[in-house]
Amino acid sequence: MSLRRLQAIVVKELRQMRRDRITLAMIVGIPVMQLVLFGYAINLNLRGLSAGVADQANTAASRAVVMDMVATGVIEPTVSARTPQELMERLRRGEISVGVVVPPDFERRRFEGREAVQVLVDGSDTVVQSAAVQLAQMPLDTRPIINTRPLREGSTGPVAAGQISVVSFYNPERRSAINIVPGLIGIILTMTMVMFTAVAIVRERERGNMELLIATPVSSSELMVGKVLPYAGIGLIQTTLVLLLGVWLFDVPIRGSLVDVYAAAVLLIIANLTLGLLISTKAQSQFQAMQMTFFVFLPSILLSGFMFPYAGMPRIVQWLAEVLPLTHFLRLIRGIMLRGATLPELWPEVLALLAFITVMMTAAILRFRKRLD
């Protein structure tokens, strides 16, 4: 083996790597991205869960209990309700994750040492459910209650502390499959749809077919839409497969309408296809297209709320997660399948996906026309 020839090959590879900006970005970007995401953005200790409060007692003691719960940092009241039924409805629509109910006879319950506060939690997310359980371990304020009832004979201390109970909806058994399987639909669609379409246009260019397509009367928008429609059908087949296996193998419920489930899937499919098209207008080769897809897939799986709780992320990372279509799809699919919500009730997520589709499709068509010119 000649060291001189070996050195020449090594120098050639380094120069070629330096010219390939995508590869260079992966060499530096992947370690930096993972370090920042895992070290800064990922936090398993949930804080600031959106909560609704129904304080039917409305006394100084009941308000003090709610303030003590807020002081733990686990919940952040965003909604005030009059009845537990209103809190349950907001839970179903995904507007809150936790509901705190203080009954009208709170003082008497606390005096008698009975259940005095009830915490309603959206159990479709087992991590949120575990965080809410921490509130049940918090002792109620045991300061003496001013009352006219005489102490029983032999009683010398203050009144007994009441109890805080947790009621979990939609997944009382805390089965992780119920939370994971709906999310897997989004993960699979994100991974496959973006990659398929990112490679589609580049493959035509590498095979020399792009010039033939340009010579035809097909417009750029017709070409791009025609390229993605077959993959949309593939995405629906994948969705059906995951649903069937989820129900058959893991007994995952579908409490909402199947029409809404497929409508949400179509929104994510189109969003991912348009994103893949935009990547294909930038990539020079199929390998580059797959590399760029990885930069989309990694933040999506880590920041969307699939693996790690959204509420535990810093505010700036939550803003970044709102840009990802998978974040909104997870709220849609879990709301429909697990809580029985409808698409109109989850309209903010629908609008977010429609806005993403519009922006990505417009950018992809403009870039594609620019490359043709």
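## Overall organisation

Among contacts in the protein between residues at least 6 apart in sequence, 78% link residues at least 24 apart. The structure described here is a predicted model. The protein contains 14 helices and five strands. Of its 373 residues, 47% count as buried.

The protein exposes about 19,300 Å² of surface, and carbon and sulfur atoms supply 63% of that area.

## Segments annotated in UniProt

An unreviewed UniProt entry lists six stretches under "transmembrane region": residues 21–42, 180–202, 228–249, 261–280, 292–311 and 346–366. Such annotations may be inferred rather than shown by experiment.

Two of these stretches can be compared with the model. Residues 180–202 are 100% helix and 0% strand, and the C-alpha atoms at the two ends of this span lie 33 Å apart. Residues 228–249 are likewise 100% helix and 0% strand; here the end C-alpha atoms are separated by 31 Å.

## A nonpolar patch on the surface

Leu241, Leu245, Trp248, Leu249 and Phe250 together make a nonpolar surface patch of about 570 Å². One of these residues, Leu245, belongs to helix H9, which covers residues 220–250.

Is Leu245 buried, exposed or partly exposed? Its relative accessible area is 36%, so Leu245 is partly exposed. Patch members must have over 30% relative accessible area, and the value of 36% for Leu245 therefore meets this requirement.

## Salt bridges

Side chains of opposite charge can pair when their charged atoms come close. The structure holds 13 salt bridges. In one of them, the side chains of Arg92 and Glu89 meet with an N to O distance of 2.7 Å. Both residues lie in helix H4, which runs over residues 84–92. Arg92 and Glu89 are three residues apart, about one turn of the helix. Glu89 has a relative accessibility of 29% and therefore counts as partly exposed.

Asp105 takes part in two further salt bridges, one with Arg108 and one with Arg109. The closest N and O atoms of Arg108 and Asp105 are 3.0 Å apart, and the N to O distance between Arg109 and Asp105 is 3.0 Å. Arg108 is partly exposed because its relative accessible area is 45%. Asp105 is also partly exposed, with a relative accessible area of 22%. Elsewhere, salt bridges that share partners join Glu86, Glu89, Arg90, Arg92, Arg93, Glu95 and Glu345 into one network.

## The surroundings of Glu86

Glu86 is one of the members of that network and lies in helix H4. At 28% relative accessibility, Glu86 counts as partly exposed, because buried residues must be under 20% and exposed residues over 50%.

Which residues does Glu86 touch, not counting those up to four places away in sequence? With that exclusion, Glu86 touches Ser80 and Ala81. In addition, a polar atom of the Glu86 side chain lies 3.3 Å from the backbone nitrogen of Arg82. Glu86 and Gly52 are 34 residues apart along the chain, and their C-alpha atoms are separated by 9.3 Å.

Note on methods. Residues numbered from 1 in each chain as written. Predicted model: local features only at pLDDT ≥ 70, side-chain atom pairs only at ≥ 80, totals over all residues. Heavy atoms only, no water. Patch = residues over 30% accessible without salt bridge, like charges linked within 9 Å, V, L, I, M, F, W, Y side chains within 5 Å. Areas by Shrake-Rupley, 256 points an atom, 1.4 Å probe, with all protein chains shown as cover. Salt bridge = Lys/Arg side-chain N within 4 Å of Asp/Glu carboxyl O. Helix = DSSP H or I, 4+ residues; strand = E, 2+ residues; numbered from the N terminus. Buried < 20%, exposed > 50% of the residue type's maximum accessible area, 1.4 Å probe, protein only. Contact = heavy atoms within 4.5 Å. Polar contact = N/O pair within 3.5 Å; in protein donor to acceptor, adjacent residues only side chain to side chain.
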